[in-house]
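Me: I am new to this structure and would like to understand the words used for it. Could you show me how each label is reached?

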Amino acid sequence: MNSEEEFFDAETGLESDDSCEVSFKDALLFDSKQVTDGSSTQENGVWERRKALPAETISRNNFSVWSILKKCIGMELSKIAMPVVFNEPLSFLQRISEYMEHTQLIHKACSLSDSIDRMQVVAAFAVSAVASQWERTGKPFNPLLGETYELIREDEGYRLISEQVSHHPPVSAFHAQSLKQEFEFHGSIYPKLKFWGKSVEAEPKGTMTLELLKHKEAYTWTNPMCCVHNIILGKLWIEQYGTVEIVNHSTGDKCILNFKPCGMFGKELHKVEGYIQNKSKKKRRVIYGKWTECMYSIDPKIYETCKKSEKKSGSDPRKLKQERSCEGEDDDDDDELPDVQETVTVIAGSALLWRITPRPTHSAQMYNFTSFAVTLNELEPGMERLLAPTDCRLRPDIRAMEHGDIDLASAEKERLEEKQRAARRERSKDEEEWSTRWFRLGTNPFTGAEDWLYAGGYFDRKYTDCPNIY
């Protein structure tokens, strides 16, 4: 574990095996031409995922969010109807699936024999899972009650299913599993949004659980807070802050990560620092980096020596730090995005745990999507006949926005929301309770807290009793 390569040269995925009930490999293929709207291509009979959206980002220049939010300061925003122009063409269920972009880190953790080494890589995965939020200022569509999303990535060795299990409060449950029975990753998220005058703060309530089945280990953590600045005026920018504690329930090891607030001069922007301790509370490794760039691991003694040297030379960035949060902001001027270079100063002797995948050169014209996010709403060849009728890819409002038709997207969003309200009134009149299809409310076996757990059966492809939500 002494070299950068040992961590960075992680597996890129696993070959598929017979444990996956369905494959799209043998489905009908598109015409063997490059489609000009950014759709997928077929080269020599091999289908490829698309590299662009069908249409560019819809401009928000002619819309004012202040007219909607001015009466909502300090309020929870889950019940506030927002114009579709402030959305991005993905459902929140699809946004959740972006946790899986760096699944190679889970595969790497599965391959390591030492529990501290595994914790390092799990910590890097926990950071990588929120990395796609960088510059993503569009709001994902609120999932409809009963909406689902599936993602099968045979090249990365996993499949995922998610479901909107509650509407008020909005709760999304997901479950991902290895095709080789190496891991399971699951959780349920209740995103609480609050408006503070110039910014929106998102608290992603809910616990992430990662099980490494070969090692009989389970790790749990909660994600950091997220704040989008300059909602009313100025350039939108994002910071994440708060303490994330990752617990290995099998060994007692813990990793405490501090996602740092921006600070007065931007010296702390996007920084993450923390440490791994064993069950005896002895520090074993220090973790540092930026959630927008990369994460490193180093021996605690070397790290402390380096920090003392910085302090003596007067270059300690902590002297410039000024804590702040979204709440209680000064409304006199904009929260300007600090002009800081996205670079991590690497301490000699550090091991690279993770580096972010570069975004497409035209990402700014695609809602700042990553290459992974661009593919999430794509209907793969032959997929439509296999999907559950509740899958996000079949939502007409998201599909219309993806194609740049804002009027159709707005009309369809309004229609779907009214359809959902009418269904709720019918259930109320009949005194009928909503029944989830793929998840059941239970107890997380590792934390003892209430959690939504996967009931199984989704990939049997029996969807005759799915609700008609679109």
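Me: What makes R395 and D397 a salt bridge, and are they buried or exposed?
Reply: This is a predicted model, and in it the closest N and O atoms of R395 and D397 are 2.6 Å apart. The cut-off is 4 Å between a side-chain nitrogen of Lys or Arg and a carboxyl oxygen of Asp or Glu, so the pair qualifies. R395 and D397 are both buried.

Me: How many salt bridges does that rule give?
Reply: The count is 24. Side chains of opposite charge can pair when their charged atoms come close.

Me: How do you know that E88 and R136 form a salt bridge, and where do they lie in the chain?
Reply: Their N to O distance is 3.0 Å, and the limit is 4 Å, so the name fits. E88 sits in strand β3 (residues 87–91), while R136 is in the loop between α5 and β4 (139–141). With their positions 48 residues apart, the pair links distant parts of the chain. Both E88 and R136 are buried.

Me: Why is K260 called buried, and what is its salt-bridge partner?
Reply: K260 has 6% relative accessibility, and buried means under 20%, so the label holds. Its partner is E273, with the closest N and O atoms 3.1 Å apart. K260 is in the loop between β14 (254–259) and β15 (271–277) and E273 is in strand β15, so this salt bridge ties together parts 13 residues apart in sequence. Salt bridges with shared partners also join K260, E268, E273, K307 and E310 into one network.

Me: Why is helix α4 described as largely enclosed?
Reply: Of the eight residues in α4 (residues 104–111), six are buried, so the rest of the structure largely encloses this helix. The buried ones are L105, I106, H107, K108, A109 and C110.

Me: What makes α4 and α5 roughly antiparallel?
Reply: α4 and α5 (residues 115–128) pack at an angle of about 170°, and their axes are 9 Å apart. Angles over 145 degrees count as roughly antiparallel, so that is the word for this pair. On the α4 side, the contact is made by L105, I106, K108 and A109; on the α5 side, by R118, V121, V122, A124, F125 and S128. By class, these are seven nonpolar, one polar and two charged residues.

Me: Which residues have the most contacts inside the largest nonpolar core?
Reply: They are F185, L210, W221, I246 and L257, in a core of 76 residues. Helix α5 gives the most to this core, with nine residues. Leaving aside neighbours within four places in sequence, the contacts of W221 include V122, F125, F185, L210 and I246.

Me: What is special about the peptide bond from H168 to P169?
Reply: The bond is cis, with omega near 0°. Most peptide bonds are trans. P169 is in the loop between β6 (158–166) and β7 (171–178).

Me: What are the phi values of K281 and N368, and is each residue buried or exposed?
Reply: K281 has a positive phi of about 65°, and N368 has one of about 60°. Neither K281 nor N368 is a glycine. K281 lies in the loop between β15 and β16 (283–290). K281 has 65% relative accessibility, and exposed means over 50%, so K281 is exposed. N368 lies in the loop between β18 (351–355) and α7 (371–374). At 17%, N368 falls under the 20% limit, so N368 is buried.

Key: Residues are numbered from 1 along each chain as its sequence is written. This is a predicted model: local features need pLDDT of at least 70, side-chain atom pairs count only at pLDDT 80 or more; totals for chains, interfaces and linings use all residues. Side-chain values use heavy atoms; hydrogens and water are left out. Buried means under 20% relative accessible area, exposed over 50%, partly exposed in between (1.4 Å probe, protein chains only). Helices (H or I, at least four residues) and strands (E, at least two) are DSSP runs, numbered from the N terminus. Axes are lines fitted to C-alpha atoms, for helices over the stretch in contact, and angles run from 0 to 180 degrees between N-to-C directions. Angles under 35 degrees count as roughly parallel, over 145 as roughly antiparallel, 65 to 115 as roughly perpendicular and the rest as oblique. Contact means heavy atoms within 4.5 Å. Ala, Val, Leu, Ile, Met, Phe, Trp, Tyr, Cys and Pro count as nonpolar, Asp, Glu, Lys and Arg as charged, and the others, Gly among them, as polar. A nonpolar core is a set of buried Ala, Val, Leu, Ile, Met, Phe, Trp, Tyr and Cys residues joined through side-chain atoms within 4.5 Å.
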